[in-house]
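Please go through this model with me, taking the descriptive terms one at a time. For each, I would like to see the value set against the definition behind the word.

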Amino acid sequence: MKALAWHGTHDVRVDTVPDPTIEQPTDAIVRVTSTGICGSDLHLYEVLGPFLDAGDILWHEPMGVVEEVGSEVTQIAPGDRVVVPFNVSCGYCYMCDKGLQSQCETTQVRERGTGAGLLGYTKLYGQGPGRSSRAPAGSSGAVRANQGAREST
Amino acid sequence: MPTAWQAVEYADIPGGEAVLVLGLGPIGEMATRVAQHRGAGRVIGIDLVPERLDRARSHGVETLDLEEHDDLAEAVREMTDGRGPIAVIDAVGMEAHGSPVGRFAHKIAAMLPDPVARKMTETVGIDRLAALHMAIELVQRGGTISVSGVYGGAASPMPLIQMFDKQVNMRMGQANVKRWIGEILPLLTGEGDPLGVDDFATHRLPLDQAPHAYEIFQKKQDGAVKVLLQPQSG
């Protein structure tokens, strides 16, 4: 598949990368139909270069169609139109119960002392190289949008 | 959208009162619309990019152009009975214009060998704090500052004497996206388009134009405010 990869400050390229696969039973694979460029992507584009490696894939505002789900995913199914929050959160921990998904204790990046993992946002937030459109914690993360959801925000 | 929603939630704007939004990029502009939708009395927006000011004005935001004011704090106080707005949303973060030292330092950091640059970014607090310091200056005594713009420094100098003296409340953090979905989704899928999301994106480009998309968004060229990449098109 094609993906947008960081190669250096002010240098992003569309690369051909391996297709994502289901790695955990809570994963989902989403065919992205729209993804926004966020102001925080510009931090990666410019000032946070030291935290990136060439080939890191940038994406965190995706909307799309579910292609495949892991065995523990029950709330979304192939064919569903979904929006995937950039917080990677489990939905059942102390912090998620308090509505603080950005601090999810299951996905906190403890080795860096940071909060919940963020999709496509470097090793600062739990993303190793080459992560593509695999949505971790798809069972609690992705939100079904269905028809009528607007692909504009 | 959830980031803008949380920015307004955290700003804790009493019904009918004024909120000022620093920075009219996609988050700031959407925050003005959310604040209007949720009953803010006045919504004031500040930026220096003409297209962004025009967009906000067309949605009923009172705008101030940074290029036209030497004393922003005074201009804001004149608009707000001398007290300043009870809530300020800082939607700028690290990308602020107009701070040559910070900009220079960031460029230097980006050009250093990785371990050194990381250390500098994490511990020296190379940051463009101008917007946040301005928020502290502008907010009404006892008011609330809601920070949605991302700051990256670990040891950023802050005017604590002024913050304590003014009894400033401050809230910040990454959006807790799922927390706000229940309130937001009906506004996106129901009748009408109360937040004007249908025409919010300024650019919809195929994935192979992503390098160009990043460039125009970063340089604020071609009216770029919100850029969507649509891999199935093009």
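Q: What makes A:Thr35 and a residue of β8(B) opposite partners, and which residue of β8(B) is it?
A: A:Thr35 stands opposite B:Leu229 in β8(B). Two strands pair if DSSP finds at least two bridges between them, and 2 bridges join strand β3 (residues 28-36) of chain A to β8(B), in the antiparallel sense, so the criterion of at least two is met. Helices and strands here are DSSP runs (H or I over at least four residues for a helix, E over at least two for a strand), numbered from the N terminus. The model is predicted, so that local features need pLDDT of at least 70 and side-chain atom pairs count only at pLDDT 80 or more, whereas totals for chains, interfaces and linings use all residues. Residues are numbered from 1 along each chain as its sequence is written, and chains are lettered from A and ligands numbered from 1 in the order in which they are written.

Q: How do you know which residues of chain B touch chain A, and how many are there?
A: Two residues are in contact if their C-beta atoms, placed from the backbone, lie within 7 Å; by this test 44 residues of chain B are in contact with 38 residues of chain A. The elements giving two or more residues to that side of chain B are α2 (26-37), α5 (100-111), α6 (114-124), α9 (177-189), α10 (210-218) and β8 (227-229) of chain B.

Q: What are the classes of the residues on the side of chain B that touches chain A?
A: That side has 25 nonpolar, 11 polar and 8 charged residues, where Ala, Val, Leu, Ile, Met, Phe, Trp, Tyr, Cys and Pro count as nonpolar, Asp, Glu, Lys and Arg as charged, and the others, Gly among them, as polar.

Q: Why are β1(A) and β2(A) called a pair, and how many residues lie between them in the hairpin?
A: Strand β1 (residues 2-8) of chain A and strand β2 (residues 11-16) of chain A are joined by 6 bridges in the antiparallel sense, and A:Ala3 stands opposite A:Asp15 in β2(A). The hairpin that they form has 2 residues between the strands.

Q: Why does A:His10 count as partly exposed?
A: A residue is buried if 20 or more other C-beta atoms, placed from the backbone, lie within 10 Å of its own, exposed if 12 or fewer, and partly exposed in between; A:His10 has 14 C-beta neighbours inside 10 Å and therefore counts as partly exposed. A:His10 also has a positive phi of about 60 degrees although it is not a glycine. Most residues other than glycine have a negative phi.

Q: What is the phi of B:Asp12, and why does B:Asp12 count as partly exposed?
A: Phi of B:Asp12 is near 55 degrees, a positive value in a residue other than glycine. B:Asp12 lies in the loop between α1 and β1 of chain B, and with 15 C-beta neighbours inside 10 Å it counts as partly exposed.

Q: Why is α1(B) called roughly perpendicular to α9(B)?
A: The axes of helix α1 (residues 2-11) of chain B and α9(B) come within 9 Å and cross at roughly 90 degrees. Axes are lines fitted to C-alpha atoms, for helices over the stretch in contact, and angles run from 0 to 180 degrees between N-to-C directions. Angles under 35 degrees count as roughly parallel, over 145 as roughly antiparallel, 65 to 115 as roughly perpendicular and the rest as oblique, so α1(B) is roughly perpendicular to α9(B). The contact is made by B:Pro2, B:Trp5 and B:Gln6 of α1(B) and B:Val177, B:Trp180, B:Glu183 and B:Ile184 of α9(B).

Q: What makes β3 and β6 of chain B the edges of their sheet?
A: The 6 strands form an open sheet in the order β3-β2-β1-β4-β5-β6 (chain B), with parallel pairing. Because β3 (62-65) and β6 (169-172) of chain B each have a single partner strand, one side of each is left without a neighbour in the sheet. Strand β5 (residues 144-147) of chain B pairs with β6(B) over 4 bridges in the parallel sense, and the bridge partner of B:Val147 in β6(B) is B:Met172.

Q: Which helix of chain A has the lowest mean pLDDT among the elements of that chain, and which the highest?
A: On pLDDT, the predictor's confidence in each residue from 0 to 100, helix α3 (residues 138-141) of chain A has the lowest mean among the elements of chain A (54) and helix α2 (residues 94-97) of chain A the highest (96). Over residues 146-150 of chain A the pLDDT is below 50.
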